[in-house]
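Me: I'd like to learn how to read pockets and chain contacts in a model like this one. Could you walk me through it?

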Amino acid sequence: MSQDLVAERITKDITENPVMLYMKGTAMFPQCGFSARVVQILSHMNVPFKTANVLEDMELREGVKRFSNWPTVPQLYVKGEFVGGCDIITEMYQTGELATLFSENGITHSVAA
Amino acid sequence: MAMSAGAIESLIRTAIPDARVTVEDLAGDGDHYAATVVSEQFRGLSRLKQHQMIYAALQGRMGGELHALALQTSAPD
């Protein structure tokens, strides 16, 4: 798949899915501690989210890094906007910024305990 | 391939000369680090942009030679 096609697919993914997580492995079977952490946070907040497993598609794995100018996975997108990787999502979760971001974007969630 | 804490520190300082940098080796394998970077250049930037500045300073090593770098960035108080 050419670089443009990958970018198109990512654009489609993040447009159609309000909360889109590019990760290593799946929500059920994360294959990286950082990816697992983001899944845990989203699940804890009862946020509906879609995942894509970059380990199954090397072009997607490189394409998503180019797309966001961010060198690692996991990568979380909310309403088409790149939010961050594991560090930033964890920090936002702890400060309450993540709950605010979801509320501002009309995404249902339970307030972080 | 792994990186030394010193190499990470000097790359960050080269790109962000005024930065106060501390690098901690989390696993002793040269692959998992935590870094705290304080610089006036971060003032007004989102956390995302601050981290992107660090990744740019590392000149493409992040995600390759360097598997994990937990980042804490801020402007001086």
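What follows is a short dialogue about the pockets and the contact between the chains.

Reply: Happy to! Keep in mind that this is a predicted model. Let's begin with the interface.

Me: How is the size of an interface usually given, and what is the buried area between chain B and chain A?

Reply: The size of an interface is often stated as the accessible area that is lost when the parts come together. Here, about 1,200 Å² is buried between chain B and chain A, and carbon and sulfur atoms give 56% of that area. Chain A brings 15 residues to the contact, while chain B brings 13 residues.

Me: How many salt bridges does the rule find across the interface of chain B and chain A?

Reply: A salt bridge is called when a side-chain nitrogen of Lys or Arg comes within 4 Å of a carboxyl oxygen of Asp or Glu. The rule finds 2 of them across the interface of chain B and chain A. One of the salt bridges joins the side chains of B:R47 and A:E97, at 2.7 Å from N to O. For polar contacts, the count across this interface is 5 residue pairs, with both residues at pLDDT 80 or more.

Me: Which elements of chain B supply at least two residues each of its side that touches chain A?

Reply: Those are α2 and β3 of chain B. Sorted by class, the side of chain B that touches chain A holds 7 nonpolar, 5 polar and 1 charged residues.

Me: Now the pockets. How much space lies in the largest pocket, and which residues are closest to its centre?

Reply: For a pocket, start with volume, then go to the lining. The largest pocket has about 290 Å³ of space. Its lining counts 22 residues, and A:F34, A:T72, A:V73, B:M62 and B:H67 are the closest to the centre. Both chains take part: α3 (58-68) and α4 (86-95) of chain A, and α2 (47-57) and β3 (68-74) of chain B, each give at least two lining residues. The class count for this lining is 13 nonpolar, 5 polar and 4 charged residues.

Me: And which element gives the largest share of the lining of the second largest pocket?

Reply: That is α4(A), with 5 residues. This second largest pocket has about 240 Å³ of space and 16 lining residues, with A:D87, A:T90, B:A70, B:L71 and B:Q72 nearest its centre. At least two lining residues each also come from α2 (33-44) of chain A and from β1 (20-25), β2 (32-38) and β3 of chain B. By class, the lining of the second largest pocket has 6 nonpolar, 6 polar and 4 charged residues.

Terms used:
Residues are numbered from 1 along each chain as its sequence is written. Chains are lettered from A and ligands numbered from 1 in the order in which they are written. This is a predicted model: local features need pLDDT of at least 70, side-chain atom pairs count only at pLDDT 80 or more; totals for chains, interfaces and linings use all residues. Side-chain values use heavy atoms; hydrogens and water are left out. On a 1 Å grid over the protein atoms alone, a cavity is a set of points where a 1.4 Å probe fits but cannot get out, and a pocket is an open set with protein on both sides within 12 Å along at least five of seven lines; lining residues have an atom within 4 Å of a point. Grid points are joined across faces, edges and corners, and a volume is the space filled by probe spheres set on the points. Helices (H or I, at least four residues) and strands (E, at least two) are DSSP runs, numbered from the N terminus. Ala, Val, Leu, Ile, Met, Phe, Trp, Tyr, Cys and Pro count as nonpolar, Asp, Glu, Lys and Arg as charged, and the others, Gly among them, as polar. Contact means heavy atoms within 4.5 Å. Buried area is the accessible area (1.4 Å probe) that two parts lose on being put together, summed over both. A polar contact is a pair of N or O atoms within 3.5 Å; within protein, one must be able to donate a hydrogen and the other to accept it, and residues adjacent in sequence count only if both atoms are side-chain atoms.
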